[in-house]
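Colleague: I'm new to this one and would like a close look at a single part of it. Could you walk me through the sheet and what sits around it?

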Amino acid sequence: MKKTMIKPVLLRDDYELLISLINNRTRASYDRKNVNRLQTELENSQVVKSNSFPINTVRLNSSVSIVDLADKSEFKFQIVLPDRANFASGKISIVSPLGTAMIGYSVGQQFTCPGQAGNKIFLIRKVQNAMP
């Protein structure tokens with residue numbers, strides 16, 4: 001059975017901000033592999049206006065609860081721009097592997113995050129957004 005790929009859904013404002021971030025900052029200021037991964041994710045996404053954006057979908061500034069499907073551990077984060085990232089405060093950068101992997105996916109969907117020990121699969125359990 002062929003697995004259907006789910007296209008991430010991005011809010012147009014977030015998409016434009018992230019493209020600007022990629023284009024206007026020197027790639028040396030971030031891990032090149034992570035920036036390239038984010039750019040690929042943006043290129044493969046469906047971009048929508050705010051009136052068509054699903055409220056339960058991960059976007060910039062979302063508060064997200066995810067579950068590691070291998071060991072059932074749960075994590076809670078807020079997805080933020082790189083200059084606001086603070087892991088100790090539960091804020092992860094959109095440019096991080098985890099931030100990039102989950103952007104555009106919705107509650108109930110699974111996503112794969114690359115890591116040093118191999119890929120991990122997570123389930124999005126909860127998303128909280130403040131819509132513009």
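Modeller: Here is a tour of the sheet, followed by a pocket and a helix pair.

A word on the source: this is a predicted model, so local features need pLDDT of at least 70, side-chain atom pairs count only at pLDDT 80 or more, and totals for chains, interfaces and linings use all residues. Residues are numbered from 1 along each chain as its sequence is written, and side-chain values use heavy atoms, with hydrogens and water left out.

Now the sheet. It is an open one made of 5 strands in the order 5-4-3-7-6, with mixed pairing. Strands here are DSSP runs (E, at least two residues), helices are DSSP runs too (H or I, at least four residues), and both are numbered from the N terminus. Two strands count as paired if DSSP finds at least two bridges between them. Strand 5 (91-93) and strand 6 (110-113) are the edges, each pairing on one side only. On average, neighbouring strands are turned by 45° against each other, direction ignored.

Let's go across it in order. Strand 5 and strand 4 pair in the parallel sense over 3 bridges. I92 of strand 5 is the bridge partner of I79, and S93 of strand 5 is the partner of V80.

Next, strand 4 meets strand 3 in the antiparallel sense, over 5 bridges. There V64 stands opposite F77 of strand 4. These two strands make a hairpin with 5 residues between them, where K72 takes a positive phi near 65°.

On to strand 7: its antiparallel pairing with strand 3 runs over 6 bridges, and K126 of strand 7 stands opposite S65. Then comes strand 6, which runs antiparallel to strand 7 and is joined to it by 4 bridges. Q110 has L123 of strand 7 as its bridge partner. Strand 6 and strand 7 form a hairpin as well, with 6 residues between them, and G118 in the turn has a positive phi of about 110°.

Some of these strands also help line a pocket. On a 1 Å grid over the protein atoms alone, a pocket is an open set of points where a 1.4 Å probe fits, with protein on both sides within 12 Å along at least five of seven lines; lining residues have an atom within 4 Å of a point. The second largest pocket has 16 lining residues, and F77, L98, C113, K120 and F122 lie nearest its centre. Strand 3 (63-68), strand 4 (74-80), helix 3 (97-102) and strand 7 (120-128) each give two or more residues to that lining.

Finally, the helix pair. Helix 1 (residues 12-24) and helix 2 (residues 32-43) pack at an angle of about 145°, with their axes 11 Å apart. Those axes are lines fitted to C-alpha atoms over the stretch in contact, and angles run from 0 to 180 degrees between N-to-C directions. Contact means heavy atoms within 4.5 Å: Y15, L18, I19 and I22 of helix 1 meet V35, L38, Q39 and L42 of helix 2.
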